[in-house]
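Please open the model in your viewer with the cartoon representation switched on, and keep a selection tool at hand for the stops that follow.

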Amino acid sequence: MKRTVRTTASTHHTTANTPHTNARSARATLPLTACALSAALLLSACGEGSQGSSGSEGEGEVKVGLITKTDTNPFFVKMKQGAERAAKESGAELSTAAGKFDGDNEGQVTAIENMVAAGVRGILITPNDSKAIVPAVKQARAKGVLVIALDSPTEPQDAVDALFATDNHKAGELIGQYAKAAMEGKDAKIATLDLAPGVAVGQLRHDGFLKGFGIKKGDPSIVCSQDTGGDQSKGQTAMENCLQKAPDVNVVYTINEPAALGAHTALKAKGRDKDVLIVSVDGGCTGTKAVKSGKITATSQQYPLAMAAEGVEAVVAYAKDESKKPQGYVDTGVRLITDQPVGGEEAKDTAYGLENCWG
């Protein structure tokens, strides 16, 4: 996948996503405490990707660490698969770890410390807490370890060497443009089902949608806004609330596909599922199937496998030649997925989406 490298910070996401997710909810994780006795225990017991996911064992191998928010969310499962594949192809030795739950900063700090002690050349991390993780990241970098954030930026973003992630603002903009074209000049009554206050990924997607639709915050066409935490049941409740407030809503933007599916359930219960346009972001397999079935009209798909694979490749390249040190923001791509293209908006169909989805 082609990627664009910028040496300056971008307006990307943060977390809870800060990223992302915040929009990635319902996750359980590896028992890090059982692996925190020593670096050796971490590398031999924490995660299927440790040691065994690399190429041949040898003294000259580049050691790479991957630390995800959790190890059960499909997004991070796909990310781990991407790292394992890239490590095998490049002959690197990959060790993996994850937080016990979404938000487990302490577990990620322990994983960083253990990986540094084990001699990794680089660490790829999706921060559970974008600010609290920074001191551990700084300590790792001070010891010569390359640190790349995946999907979710740290605060400040330049606390790491580089960020490999989706442009969430662009993701929102793509579906905003699509929704605008699909409405064909009709009077839009928009409900936005967002993430949560202060979460950058949610704000970026929301702002991108508004820009793509050609409106600004406070526009009268926005008839209802509710937070969902990216959760399906909360998405349903939020949509029910919006239908009470604005029964004539005809466009629904959602932070992610679980929230979109919740919105669809609420709309169907009111007999409105056929006449309301639902657009979303993420591109997971469940969400892409929902686009195919017509429950969601369009979604913006992101690529966690690419994030991790490109991260591993960057660490290996840097280990061989330090002049190739990655810096700034690396865009890992986003595409509009729909089977109902409109108005010349560039899109891929669900066949493509299902070939490239995660989960």
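Two strands are said to pair if DSSP finds at least two bridges between them, the strands (E, at least two residues) and helices (H or I, at least four residues) being DSSP runs numbered from the N terminus. This is a predicted model, in which local features need pLDDT of at least 70 and side-chain atom pairs count only at pLDDT 80 or more, while totals for chains, interfaces and linings use all residues. Residues are numbered from 1 along each chain as its sequence is written, and side-chain values use heavy atoms, with hydrogens and water left out.

Select strand S9, residues 251-254, where Val251 and Tyr253 on one side and Val252 and Thr254 on the other are all buried (under 20% relative accessible area, against over 50% for exposed and in between for partly exposed, with a 1.4 Å probe and protein chains only).

Next add S10 (residues 277-282), which pairs with S9 in the parallel sense over three bridges; Val252 has Ile278 as its bridge partner there. Then add S7 (residues 190-194), parallel to S9 over four bridges, with Ala191 partnered by Val252.

Now widen the selection to the open sheet of six strands, ordered S8-S7-S9-S10-S11-S13 with mixed pairing. Strands S8 (222-227) and S13 (334-337) stand at the edges with a single partner strand each, so one side of each is left without a neighbour in the sheet. At the S8 end, five bridges join S8 to S7 in parallel, and Leu193 has Gln226 as its bridge partner in S8.
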